[in-house]
There are 2 protein chains.
Amino acid sequence: MVQEPLDHVFHALSHPARRAMLATLTLGERNIGELAAPHAMSFAAASKHVRVLEGAGLVARRVEGRNHVCALQAEPLSKAEAWLSFFEGFWNRKLDALKAVLKARKETP
Amino acid sequence: MVQEPLDHVFHALSHPARRAMLATLTLGERNIGELAAPHAMSFAAASKHVRVLEGAGLVARRVEGRNHVCALQAEPLSKAEAWLSFFEGFWNRKLDALKAVLKARKETP
DNA sequence: CTGTTATTAAACCATATGGTTCAAGAACCG
DNA sequence: CGGTTCTTGAACCATATGGTTTAATAACAG
């Protein structure tokens, strides 16, 4: 029962093919076929992945004749990064604790 | 067919209850019951969510008598943030493009 | 018009996900 | 010991997910 925007974004990012597609789109616009090509799956499956990315607001589609041209929409990723950044202190804290232990060990040999 | 570490992490983050649990754990260690309490779901369901977080390496569990004490393990989040940071240029770029348009409009009225 | 290309739609399948309920297992309380 | 508390396990259910294959649709090429 995925509902909030962040739910969609994180879910979209949870599949390697979709992350790869986003990475490809940083190089410029691509149509569905071009996005599908590198992946060992049917065209139709890739098309569904693109739809998931669209649903998360990460891809914008523009129909140009028979081609569906996709463009990266990175803004929602900034929301995800903002959420993660709240935890930055907590992976640094662990390093700080380690440093403290090492420092204490050096000072009391 | 989730497999890579990032797959697990992003999938774990895609459910609001799990994100809330991580947020709670920034306040200190909590047992399963405490993590479950704020959520409108059965104890067993919450327990499963904790297991997902564990599977993603985001939570460490320590059994203390009948309590299972959970602690935040934030490191995998840093991997996720690192992946996202690659895209920072792309949401900034959009803002830059907007600024450029506004600038051009002002200069050629 | 005909054929090829790009894409979606539909039907189907196996498995995962998120939830429930009820039973079972330890550990503490008195 | 007996009862309560914290937690998992198991069975079950509905729906979602990720994949397939086979049409169907639409646009371009000749």
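**Group meeting: two chains on two DNA strands**

Let me start with one pair of residues: A:Glu64 has A:Asn67 as its bridge partner over in E3(A). Keep in mind that what you're looking at is a predicted model.

So, from that pair, out to the sheet. E2(A) and strand E3, residues 67-72 of chain A, run antiparallel, and 6 bridges join them. Zoom out a bit and you get an open sheet of 3 strands in chain A, in the order E1-E3-E2, with antiparallel pairing. At the edges sit strand E1 (30-31) and strand E2 (59-64) of chain A, each of them pairing on one side only. And just as a reminder, strands of a sheet pair through backbone hydrogen bonds, either parallel or antiparallel.

Now, the helices. Helix H2 of chain A, residues 16-25, lies across E1, E2 and E3 of that chain, and runs at about 85 degrees to E3(A). H4(A) lies across E2 and E3 of chain A, at about 120 degrees to E2(A).

How do H2(A) and H4(A) pack, then, and at what angle? The angle is about 75 degrees, and the axes are 10 Å apart. That makes H2(A) roughly perpendicular to H4(A). If you want to find the contact on screen, H2(A) brings A:Arg18, A:Met21 and A:Leu22, and on the H4(A) side they meet A:Ala46, A:His49, A:Val50, A:Val52 and A:Leu53. By class, the residues of that contact are 6 nonpolar, 1 polar and 1 charged.

Okay, on to the DNA. Let's take strand D. There are 22 residues around DNA strand D, and which of them come nearest? That would be A:Lys48 and A:His49 from chain A, plus B:Gly33, B:Ser47 and B:Arg61 from chain B. Look at A:Lys48 for a second: an N or O atom in its side chain is 2.5 Å from a base oxygen of DNA strand D. For B:Gly33, a polar backbone atom is 2.5 Å from a phosphate oxygen of DNA strand D. B:His68 also uses a polar backbone atom, which is 3.0 Å from a phosphate oxygen of this strand. As for the elements that give two or more residues to the surface near DNA strand D, they are helix H4 (43-55) of chain A, and from chain B helix H3 (32-36), helix H4 (43-55) and strand E3 (67-72). That surface has 5 nonpolar, 10 polar and 7 charged residues. On the DNA side, of the atoms of strand D within 4 Å of the protein, 70% belong to sugar or phosphate, and the rest to bases.

Over to strand C. Of the 22 residues around DNA strand C, the ones that come nearest are A:Gly33, A:Ser47, A:Arg61, B:Lys48 and B:His49. Sugar and phosphate make up 70% of the atoms of DNA strand C that come within 4 Å of the protein. In B:His49, an N or O atom of the side chain is 2.2 Å from a phosphate oxygen of DNA strand C. From chain A, the side chain of A:Arg51 has an N or O atom 3.4 Å from a phosphate oxygen of DNA strand C, while A:Arg66 puts a polar side-chain atom 3.2 Å from a sugar or linking oxygen of the strand. The elements giving two or more residues to this surface are helix H3 (32-36), H4 and E3 of chain A, together with H4 of chain B. And the class split near DNA strand C is 5 nonpolar, 10 polar and 7 charged.

That's my tour; over to you.

Conventions: Residues are numbered from 1 along each chain as its sequence is written. Chains are lettered from A and ligands numbered from 1 in the order in which they are written. This is a predicted model: local features need pLDDT of at least 70, side-chain atom pairs count only at pLDDT 80 or more; totals for chains, interfaces and linings use all residues. Side-chain values use heavy atoms; hydrogens and water are left out. A residue is near a molecule or strand if one of its heavy atoms lies within 4 Å of it. A polar contact is a pair of N or O atoms within 3.5 Å; within protein, one must be able to donate a hydrogen and the other to accept it, and residues adjacent in sequence count only if both atoms are side-chain atoms. Helices (H or I, at least four residues) and strands (E, at least two) are DSSP runs, numbered from the N terminus. Ala, Val, Leu, Ile, Met, Phe, Trp, Tyr, Cys and Pro count as nonpolar, Asp, Glu, Lys and Arg as charged, and the others, Gly among them, as polar. Two strands pair if DSSP finds at least two bridges between them. Contact means heavy atoms within 4.5 Å. Axes are lines fitted to C-alpha atoms, for helices over the stretch in contact, and angles run from 0 to 180 degrees between N-to-C directions. Angles under 35 degrees count as roughly parallel, over 145 as roughly antiparallel, 65 to 115 as roughly perpendicular and the rest as oblique.
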